[in-house]
Amino acid sequence: MLPLPVPASVYGLVLLLAALTAGVVKLEQVKETGTYLTGIFPLLFVPAAAGIMELWAEMGQLLLPILIAILPVTVLVMAAAGRTTQALTARNKKEEADHD
Amino acid sequence: MTELLNDFLTGSVAWGVLLTLAAFGLGVLINRVTGKAIFNPLLLGSIFVIIFLSVCNIPYGDYKTSAAPVSYLLLPATVALAVPLYEKLDLLKENAPAIIAGISVGTLVSLGSAFALALAMDLTKEQYVTLLPKSVTTAISMDVAAELGGIAALTGAIVIVTGIVGALLAETVCKLFHITDPIAKGVGIGTAAHAVGTSKALQMGDVEGAMSGLSIAVAGVLTAVLCPVFVGFVH
């Protein structure tokens with residue numbers, strides 16, 4: 001419907017968050033189901049992950065770039081995102097402390 | 001014997017669901033008994049499914065169709081990430097600039113690294129596009145890869161392995177880079193390793209889980225918007 005390349009699940013997440021914030025949906029109504037669903041997340045990826053078995057040929061050609069993209073890059077992204085947030089939250093806290 | 005088993009399995013409607021549950025359950029069991037992070041239930045479960053299908057000579061497509069109810073739950077499960085997020089909404093509001101900045105920097109590092117790889121290793125455009133969206137959830141990355149001319153199925157596989165690696169390394173990376181703030185941990189894990197990483201973050205704590213879940217959505221949308229720009233960098 002909207003021109004952005006955003007999948008339905010992300011719209012759903014935003015809509016549910018908006019409904020909770022507006023009080024249309026109460027937390028107690030969704031808490032149990034929600035906790036259950038997020039708890040079984042890894043299980044839900046099994047069918048898609050097994051799809052690797054059909055992709056050996058394509059994987060072979062791209063093995064080295066794939067390995068680099070998966071290992072060091074994932075560490076780098078995690079560290080960069082985490083360190084940036086930490087640096088800024090630490091500064092926030094310091095400013096608050098200065099105001100007190 | 002194999003044929004008999006084959007007939008039996010393909011005759012029952014939800015055999016793919018049963019196989020998925022059994023393989024994952026075995027993975028959880030091994031994980032509990034050994035207590036080793038490397039024996040990740042998702043990793044083990046997927047390997048067991050692949051071994052089973054290969055031994056019984058069942059095409060992956062048949063399994064995928066039969067296990068569709070499992071994959072279908074990914075949609076409501078992603079929506080359900082709104083629950084931990086709502087519970088931590090005040091924390092999000094207080095730290096919004098720091099969180100948004102962290103996710104943006106992480107996303108740019110991810111896309112920039114793929115671009116650097118493409119240049120350094122002389123990748124074709126198809127290969128580059130396949131790798132580009134690999135840090136964000138399959139729902140977004142596979143769409144983006146398909147749209148821009150990559151191999152979507154391969155992107156999906158790389159995304160899941162990235163998630164497993166991210167979940168396995170999460171605690172080590174946080175320690176190594178002195179990331180101690182729970183908000184920062186969640187942002188790092190969710191930005192780098194989407195929903196699979198988030199399941200690890202949820203185990204680390206409520207705040208970590210909520211922030212990681214938020215990062216899936218924000219990093220996913222950012223990636224979807226920025227990928228076409230990054231594709232424009234190569235010819």
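Helices (H or I, at least four residues) are DSSP runs, numbered from the N terminus. This is a predicted model, in which local features need pLDDT of at least 70, side-chain atom pairs count only at pLDDT 80 or more, and totals for linings use all residues. Residues are numbered from 1 along each chain as its sequence is written, and chains are lettered from A in the order in which they are written.

Select L29(B) to begin; this residue lies in helix α2 (residues 15–34) of chain B. L29(B) counts as exposed (over 50% relative accessible area, 1.4 Å probe, protein chains only), because its relative accessibility is 52%.

Turn next to the largest pocket, an open set of points on a 1 Å grid over the protein atoms alone, with protein on both sides within 12 Å along at least five of seven lines; its lining residues have an atom within 4 Å of a point. The volume of this pocket is about 550 Å³. Of its 21 lining residues, select P42(A), N31(B), N40(B), P41(B) and Q203(B), which lie nearest the centre. Two or more lining residues come from each of α2 (27–39) of chain A and α2, α3 (41–55), α12 (152–176) and α13 (182–204) of chain B. Helix α13(B) gives the largest share, five residues.

Finish at the largest cavity, a set of grid points where a 1.4 Å probe fits but cannot get out. It has a volume of about 40 Å³. Select T107(B), S110(B) and L111(B), which are among its lining residues, then P133(B) and T223(B), also in the lining. The largest share of this lining, three residues, belongs to α9(B).

Technical notes
Heavy atoms only, no water. Points joined across faces, edges and corners; volume = space filled by probe spheres on them. Buried < 20%, exposed > 50% of the residue type's maximum accessible area, 1.4 Å probe, protein only.
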